Amino acid sequence: MLLNNILLAIGLGLLLTAIALGILLLNERRHQRGRLVVERRRALGLPEGELVYEDADGEGEPLSSASYPLVGKPDYIVQLPDGRPVPVELKLNVHDVSTPHSNHAVQVAAYCLILEDYFEHAPTYGILRYADREFTVEYTPVLRKKVIRLLTEMARCSERQPPPLKTQRAAKCRACAFQPMCPIGRTK
């Protein structure tokens with residue numbers, strides 16, 4: 001009987017030690033993961049806040065607007081401490097620009113329009129990062145209206161009234177929904 005009590009006490013002691021070691025290991029992993037997130041955010045130059053979406057690796061789910069025919073995958077979305085989202089778009093193959101390309105600014109604004117459906121507070125700006133420079137794209141009512149106007153113009157396109165393009169890269173044409181009716185896209 002005494003031997004059974006001693007073995008039981010040793011067993012309980014070993015079990016408690018194993019549980020304590022498991023808890024310590026989990027806490028260490030959680031701490032390391034948090035440190036890696038902070039280091040990664042710093043390396044990426046993302047604004048302070050919670051990284052809530054990532055597609056820089058192409059694995060993110062497409063985001064869509066409930067109000068507009070719009071789907072997109074920004075590279076990152078950071079939710080600021082005040083609850084507002086900030087889309088971050090990387091164009092790392094673009095060098096030596098003094099102002100953002102207008103089509104890139106509209107792309108960031110389109111992400112802002114999509115994010116209106118996902119967050120309690122609408123975005124007020126997005127970030128456009130080129131290889132050697134970063135721009136803040138203010139999401140103003142004027143820019144919002146421009147995106148909506150462009151969507152309306154795109155919806156009017158048909159075989160009889162194709163998009164007003166002169167040239168386009170073949171890869172973009174293959175992925176475009178208007179490719180079957182576009183005189184430029186049909187040949188790509």
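Is Arg144 buried, partly exposed or exposed? Arg144 is partly exposed, as its relative accessible area is 26%. The legends below walk through a few spots in this predicted model.

**View 1. Arg144 pairs up with Glu116 in a salt bridge.** Side chains of opposite charge can pair when their charged atoms come close. In this pair, the closest N and O atoms are 2.8 Å apart. Arg144 belongs to helix H3 (residues 141–155), while Glu116 sits in the loop between H2 and strand E6 (125–130), so the two residues tie together parts that are 28 residues apart in sequence. Glu116 is partly exposed, with 22% relative accessible area. Counting over the whole structure, there are 6 salt bridges, and a couple of others turn up in the next views.

**View 2. Glu89 is a buried residue of strand E5 with plenty of neighbours.** Strand E5 covers residues 85–91, and Glu89 is part of it. The relative accessible area of Glu89 is 6%, which means that this residue counts as buried. Have a look at Lys91 too: this residue makes a salt bridge with Glu89, with 3.6 Å between the closest N and O atoms. Both Lys91 and Glu89 are buried. The side chain of Glu89 also has a polar contact, at 3.3 Å, with the side chain of Gln107. Setting aside residues up to four places away in sequence, Glu89 touches a whole list of others, including Lys73, Pro74, Tyr111, Ile127 and Arg129.

**View 3. Arg129 has a salt bridge with Glu134.** Here the closest N and O atoms are 2.5 Å apart. What about the cover on each partner? Arg129 is buried, at a relative accessible area of 13%, whereas Glu134 is partly exposed at 39%. Arg129 also links this view back to the previous one, being among the residues that Glu89 touches.

**View 4. Helix H2 is mostly covered.** This helix runs over residues 102–115, which makes 14 residues. From first C-alpha to last, H2 reaches 20 Å, close to the 20 Å expected at 1.5 Å a residue. How many of the residues of H2 are buried? The count is 11 of 14. Among them are His104, Ala105, Val106, Val108, Tyr111 and Cys112. Two names on that list, Val108 and Tyr111, may ring a bell, since Glu89 touches both.

**View 5. Val86 and Leu80 are buried and touch each other.** Val86 is found in strand E5, and its relative accessible area is 0%. Leu80 comes from the loop between strand E4 (76–79) and E5, and its relative accessible area is 16%. Leaving out neighbours within four places in sequence, Leu80 is in contact with Pro47, Glu48, Gly49, Val86 and Tyr125. Pro47 is 33 residues away from Leu80 along the chain, yet their C-alpha atoms are separated by 7.6 Å. Val86 touches Pro47 and Tyr125 as well, and its list also includes Tyr76, Ile77, Val78, Gly126 and Ile127. For another distance from Val86, try Leu63: the two are 23 residues apart in sequence and 14 Å apart in space, C-alpha to C-alpha.

**View 6. Two loops meet at Asp96 and Asp132.** Where does Asp96 sit? Asp96 is in the loop between E5 and H2. Asp132 is in the loop between E6 and strand E7 (134–138). Asp96 is exposed, at 68% relative accessibility, while Asp132 is partly exposed, at 43%. The backbone nitrogen of Asp96 lies 3.1 Å from a polar atom of the Asp132 side chain. Apart from neighbours within four places in sequence, Asp132 is in contact with Val94, His95 and Asp96. Check the backbone of Asp96 as well: its phi is near 50 degrees, a positive value in a residue other than glycine. Lys91 is 41 residues from Asp132 along the chain, and the C-alpha atoms of the two are separated by 9.9 Å.

**View 7. A nonpolar patch lies on the surface at Leu2 and its partners.** The patch takes up about 630 Å² and is made by Leu2, Leu3, Ile6, Leu7, Ile10 and Leu14. Leu2 is in helix H1, which spans residues 2–44. With a relative accessible area of 64%, Leu2 is exposed.

Key: Residues are numbered from 1 along each chain as its sequence is written. This is a predicted model: local features need pLDDT of at least 70, side-chain atom pairs count only at pLDDT 80 or more; totals for chains, interfaces and linings use all residues. Side-chain values use heavy atoms; hydrogens and water are left out. Patches are made of residues with over 30% relative accessible area and no salt bridge: like charges are joined within 9 Å, nonpolar side chains (Val, Leu, Ile, Met, Phe, Trp, Tyr) within 5 Å. Accessible areas come from the Shrake-Rupley method with a 1.4 Å probe; for residues, only the protein chains shown count as cover. A salt bridge is a side-chain nitrogen of Lys or Arg within 4 Å of a carboxyl oxygen of Asp or Glu. Helices (H or I, at least four residues) and strands (E, at least two) are DSSP runs, numbered from the N terminus. Buried means under 20% relative accessible area, exposed over 50%, partly exposed in between (1.4 Å probe, protein chains only). A polar contact is a pair of N or O atoms within 3.5 Å; within protein, one must be able to donate a hydrogen and the other to accept it, and residues adjacent in sequence count only if both atoms are side-chain atoms. Contact means heavy atoms within 4.5 Å. The expected span of a helix is 1.5 Å times one less than its number of residues.
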